[in-house]
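Here is a quick walk through how the helices and strands of one model fit together. Have the structure open and follow along.

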Amino acid sequence: MIVRRSMRGGHRWVGLIVGLLAAYMAATGAMMALRHDPALAGGRAPTRHCATPDALAHAVAVASARHPGVAFDTLWLRADPVEPLSIRFVDAVQVDVDPCSGRLRDVRSRYAGWDGIAEYLHRLIFLGIEPGKAVAGSVATALSLLAVTGLWLWWPRRRGAWGSALRPARLPKGRTRRRARHGLVGTAVLPLALPIALAGMTLAFPAVADLLYRATGSVAATRPVVPARSGPVAYAEAWRGVLSRLGDVPAQAMIRAPKAPTAAIEINLHDPDARNPEGRQYFFADPGDGRILLHRRYADTPAGARLYYWGYAVHQGKVGGIAGLVATLLTMAGIVYLAISGLRSWLARHPVPSPRFVRMRIVEVVDECDGVKAFRLVPVDPGPIAAATPGAHVAVRLSDTLLRHYSLTNAPGERDDYRIAVRADPSGRGGSLAMHGLVAGAELLVAPPANHFPVVRGTRHAVLVAAGIGITPILAMARHFRAKGIAFELHYFGRTRESMPFRSVIAAELGDAATLHIALSRTEQAARMAAIVAAPARGRHLYSCGQVAFMDALFDAARAAGWRDGALHREAFGVSAQDAAPPRAFVAKLAHSGRRVPVPADRSLLDALADAGVRIDRSCGMGVCGACLVGVVDGAIEHRDAILSPADRRSGRWMTACVSRAGGTDLTLDL
Ligand code: FES
């Protein structure tokens, strides 16, 4: 438990501190991967080439004349006649000379243009070369840490938990789904993100590269040392020596100017015998006369150096051709997503503010059918009220301790009132009976509508299925689809004709679009459900409201018929059968802090956690929105929500803190 707590804390805080910086490095890294790389590349020169020793000597003279008194840093030779021969100075000025005509093409900053900007941003040159390296290396280190801890945290430890871990879309919308998706994306990008980050560490920190050498038993290659000297450097002669050794013209090569009086000229270029796209061969030449002092092929480089070059190639997205580049870009995009979703998840940890209640008056009470009354509410203070969308509900405060949620049945044009219907439930906790005791003229506090059961954009044919009092949001939806001219069919299940509210309204308004299914046996009901969901299709969405068991059966039939989870939408009332069982006290153990929070029988887990100062999202308060989902590490759960699928309940990985409880005496939460 301590390990997990440390892992989560470390992951969260490292992610928060460097997440956006990592996203920045990933975005600029993608720019680097897409740039026209002037660095070493394989291949031979085209038939015609101009990067001869004489052309190099001329370019050196032109560059020295254009930017006198400043030392050279690097000379880029590219055999393609359209590419300039570029000479970079230590102050980042770059002189481009046409190798064929000898004409000066440009004098500019080496960080100009797309390629230069990408390098400038990714290597944090604006901080200075060394500080930029240190910061970039630290971000790479943090990213490695995040990758490892992220995988550890995401890994499902129970059979049955893999379903929601691999398919977060099955979870209800909200922070929990975002966290599950964050974990899945992190796991998906890890195979490439981790090597890229580790390679970034070796590039930034010589100590890490040394460690790599030591771990592989490699001895770092030595460079030739020449007698101390000053004066002109024999670049052209050195290049002539390289060409004569190669017997061929390489496509590109980089010549590094000697950085010390005793340093040799370094010429490095791709080794065509290396399978590594960054596999290099090195020439070292005497700066005085250009004599080649040493030629080291890639095959002669020690294992540590080869690993380093492979890391460099992976870091640049150069392994695996186009597929490797695409995978690298996707990984970079994944890292950006992780930074943003991680931050969003952290910001969303704050509880949803309580809605502001409006005083409303009951102006009409209608006995809809046996045990169901319909109410029309208007604001006490005249004025506009918050608009509702189909599927929305309002929270009604009946007393200080009694808050109930009721779906709105309003038709699209009804904007001056809220219309709800309530079935009396003598075995309930008093809300419905209190409502049934109200008459026209009574006043109530009503929160603005919220919608956890919205109509999905892109619905081209809606299959609406209601059971009993679940007709209320479904009726609003049917009215919406009819007004919009969207195809729909309504199936309305009930035990008896007399117990089904809004029958006459449905017959008058919806006509043949509605079918009543009355007094069916279990077998008949299953057969009807199978027939209703027999034809899934693109743009076809299934919306259902009723008892949890009813909707579980309907959705199981739909999935068996091939419906996607994304096309299934539900809202429950009455929740599970366990709702009737008297709640028991239990203890919630918080895995990360080790705290123990007692949950009395008359308090919800959500309230007990809030009392203990533990912040959890809260919205519907009745187990239908998923805002308060928390991860469960250990212990049996008594699910009382209407949002989790049967598979998610079986996984034992999540629970709604607002209504669900422990199945035993304690429960360990992922908090
Ligand atoms: S607050 Fe909506 S499910 Fe708990």
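## The sheet

This is a predicted model, and a good place to start is its open sheet: 8 strands, antiparallel in their pairing, laid out in the order 4-3-2-1-5-6-7-8. Which strands stand at the edges? They are strand 4 (104-109) and strand 8 (292-296); each has a single partner strand, so one side of each is left without a neighbour in the sheet. Going from one strand to the next, the twist averages 15°.

For a look at one pairing, take strand 6 (residues 265-270) and strand 7 (residues 280-285). These two run antiparallel and are joined by 6 bridges. To find your place along the pair, look for Leu-269, which stands opposite Gln-281 in strand 7.

## A helix across the sheet

Now add helix 8. Which strands does helix 8 lie across? The list is strand 1 (72-78), strand 5 (252-256), strand 6, strand 7 and strand 8. Relative to strand 6, helix 8 runs at about 40°.

## Helix 2 against helix 8

Helix 8 (residues 235-246) also has a helix for company: its axis and that of helix 2 (residues 53-66) come within 8 Å, crossing at roughly 155°. Why call the pair roughly antiparallel? Because angles over 145 degrees count as roughly antiparallel, and that makes helix 2 roughly antiparallel to helix 8. The crossing of these two helices is right-handed.

On the helix 2 side, the contact is made by Pro-53, Asp-54, Leu-56, Ala-57 and Val-60. Helix 8 brings Tyr-235, Ala-236, Trp-239, Arg-240 and Leu-243. Sort the residues of this contact by type and you get 8 nonpolar, 2 charged and no polar.

## Helix 12 and helix 13

Further along the chain, helix 12 (residues 471-484) packs with helix 13 (residues 503-510) at an angle of about 10°, and their axes are 12 Å apart. That angle makes helix 12 roughly parallel to helix 13. Their crossing is left-handed.

Which residues meet here? From helix 12 come Ile-471, Leu-475, Ala-478, Arg-479 and Arg-482, and from helix 13 come Val-505, Ile-506, Glu-509 and Leu-510. The residues of this contact split into 6 nonpolar, 3 charged and no polar.

Key:
Residues are numbered from 1 along each chain as its sequence is written. This is a predicted model: local features need pLDDT of at least 70, side-chain atom pairs count only at pLDDT 80 or more; totals for chains, interfaces and linings use all residues. Side-chain values use heavy atoms; hydrogens and water are left out. Axes are lines fitted to C-alpha atoms, for helices over the stretch in contact, and angles run from 0 to 180 degrees between N-to-C directions. Helices (H or I, at least four residues) and strands (E, at least two) are DSSP runs, numbered from the N terminus. Angles under 35 degrees count as roughly parallel, over 145 as roughly antiparallel, 65 to 115 as roughly perpendicular and the rest as oblique. A crossing is left-handed if the near helix is turned anticlockwise from the far one by less than a right angle, and right-handed if clockwise. Contact means heavy atoms within 4.5 Å. Ala, Val, Leu, Ile, Met, Phe, Trp, Tyr, Cys and Pro count as nonpolar, Asp, Glu, Lys and Arg as charged, and the others, Gly among them, as polar. Two strands pair if DSSP finds at least two bridges between them.
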